[in-house]
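Colleague: I'm new to reading models with two chains. Could you walk me through how to look at one?

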Amino acid sequence: MTEGDAAAYVDAACAVHGIALRDDERARVTAHFVRLGALAATLVDLELADDVEIAPVFEP
Amino acid sequence: MSESALQIAASVSQGAVTATSVAEAALDAVLRIDPAINAFTAVLRERALAEAQEVDRRIASRETLPLAGVPYAVKNLFDVAGVATLAGAKVHLQRPKARSDAALVTRMHEAGAVLLGTLNMDEFAYGFTTENTHFGTTRNPHDTGRIAGGSSGGSAAAVAARMVPLALASDTNGSIRVPSSLCGIYGLKPTYGRLSRRGSFPFVDSLDHLGPMATTLADLAACYDVLQGPDADDPACAERETEPVRGACDAGIAGLRIARLGGYFDEHLTAPARAAVERACLALGVTRVTELPAANLGRAAAFVITASEGGARHLAHLRDRRDDLEPHSCDRFVAGAIAPAAWYAKAQRVRRWYRDAVREIWAGVDVLIAAATPCEATRIGEEWLDLNGVRMPLRASLGLLTQPISCIGLPVVTVPMPRAGRLPVGVQVIAAPWREDLCFRVAGALVASGASSCPAPAPLE
């Protein structure tokens, strides 16, 4: 994810979520999103067995 | 208020003092001390005196109350009947007042404790510093130019400053352990699902825990014991009966296999935090070092889950009320609210996988020791932390050592390791799920050795 990708994603996703960012907010949100993305990147390509399920607390 | 909770309970139970006189003295202490600290966001004088009078009636009718007349206060995300539950947020000032007390506040009431008020925190618990723009910064009683830590900074500072012997708080990524470390007090983050969260304002359902703070380990144990018990109204609360730990503090550590956490936990330390871990290990005779497999991934998973669940919860505020939200966390909340679902779902699966990996280590070890914070309390307003030459954003980095543990819900007692003339820093005593008793045994050994204690700060009035 490039800085430009992140900025474009933040713009599009905020529009989808109805969050109208000012320019100063956009820069800061993008910086936080890049930081979050760097941590997420350590997870997304990790190979896990198919039976490693999410462990929710949900009792029907 | 220099007496411990158990000393107060004994005096009130024996009729040496009344709960009402204890409450009046405690309320006066809050008025004298809190202006220098800013721990309290509301002092509930009428309620405290009414609750104390009820305790005096119950004692007169020969009820046995484990926390008879013990003053305490709660982080302002606990529901208190008649008070709007702020969760540190200006946008909550208009919320309807809570109609009843949180489950744990009810249990404290049943045990005879007396609620004095509610305590400051980072907005919606998303922070480690309690620099709350709308309700003011909570100051560290050991150096009022420094942070108390967060997000339960008000709780830790109120206890450290001896305004109350006990406080209740919450911990999602370190919010009990970080301020306990920086304020030099005892704090417990129990196993995920141990204590009922009913009537507390949520942050991250997957990771939220509640727990007590105290100036002595015995008080921490006594408080935890009255808080335990199942609650069908908290979907995450386990159906486990109370497993008391009070006897564990003096049980010793014979037969326990204890190791210091190396690797990730050794890489994120400044010299004072490293020294605290070394003193604890020396006192316990621990020389063994072990690693938590993939702790960095556990931390990343907790970070992503927190951002996503926290951001999603507050989406409406992020859309419409951003100018009224906390500037320190608002942009971080927005970034979390728009995080891709693929990141969140994978983070939850990694959490499950990491839990399974850590479960295996308990075959060879009983208790783990690690620092609770990478550093001592930093100056108010500080933005950056220098960790071994790497510049890191302070407000996110204070939880580096706590996040990998709470990610998978392990129980932890944070133990202060004071050194004369230095700011406090604490260590985490970590055990397998549901083994809080082992945390208390090892913490008790640290107290007995003299290595751990909770010295009062210089007078603040």
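Modeller: Sure, let's go through the contact between the chains and then one residue. Keep in mind that this is a predicted model.

Colleague: How much area do chain A and chain B bury between them?

Modeller: People often give the size of an interface as the accessible area lost when the parts come together. Here chain A and chain B bury about 3100 Å², and 70% of that is on carbon and sulfur atoms. The contact involves 34 residues from chain A and 35 residues from chain B.

Colleague: How many salt bridges are there between chain A and chain B?

Modeller: The count is 3 salt bridges. You can look up Arg22(A) with Asp323(B), where the closest N and O atoms are 3.1 Å apart. There are also 12 residue pairs in polar contact across the interface of chain A and chain B, with both residues at pLDDT 80 or more.

Colleague: Which elements give two or more residues to the side of chain A that touches chain B?

Modeller: Those are α1 and α2 (23–44) of chain A. The most comes from α2(A), with 13 residues. By type, that side of chain A divides into 22 nonpolar, 5 polar and 7 charged residues.

Colleague: Now a single residue: is Ala7(A) buried, exposed or partly exposed?

Modeller: Check the relative accessible area against the cut-offs: under 20% is buried and over 50% is exposed. Ala7(A) has 26%, so Ala7(A) counts as partly exposed.

Colleague: And where does Ala7(A) lie?

Modeller: In helix α1 of chain A, which covers residues 3–17. Gly18(A) is 11 residues away from Ala7(A) along the chain, and their C-alpha atoms are separated by 16 Å.

Definitions and conventions: Residues numbered from 1 in each chain as written. Chains lettered and ligands numbered in written order. Predicted model: local features only at pLDDT ≥ 70, side-chain atom pairs only at ≥ 80, totals over all residues. Heavy atoms only, no water. Helix = DSSP H or I, 4+ residues; strand = E, 2+ residues; numbered from the N terminus. Buried < 20%, exposed > 50% of the residue type's maximum accessible area, 1.4 Å probe, protein only. Contact = heavy atoms within 4.5 Å. Buried area = accessible area lost by both parts, 1.4 Å probe. Salt bridge = Lys/Arg side-chain N within 4 Å of Asp/Glu carboxyl O. Polar contact = N/O pair within 3.5 Å; in protein donor to acceptor, adjacent residues only side chain to side chain. Nonpolar A, V, L, I, M, F, W, Y, C, P; charged D, E, K, R; others polar.
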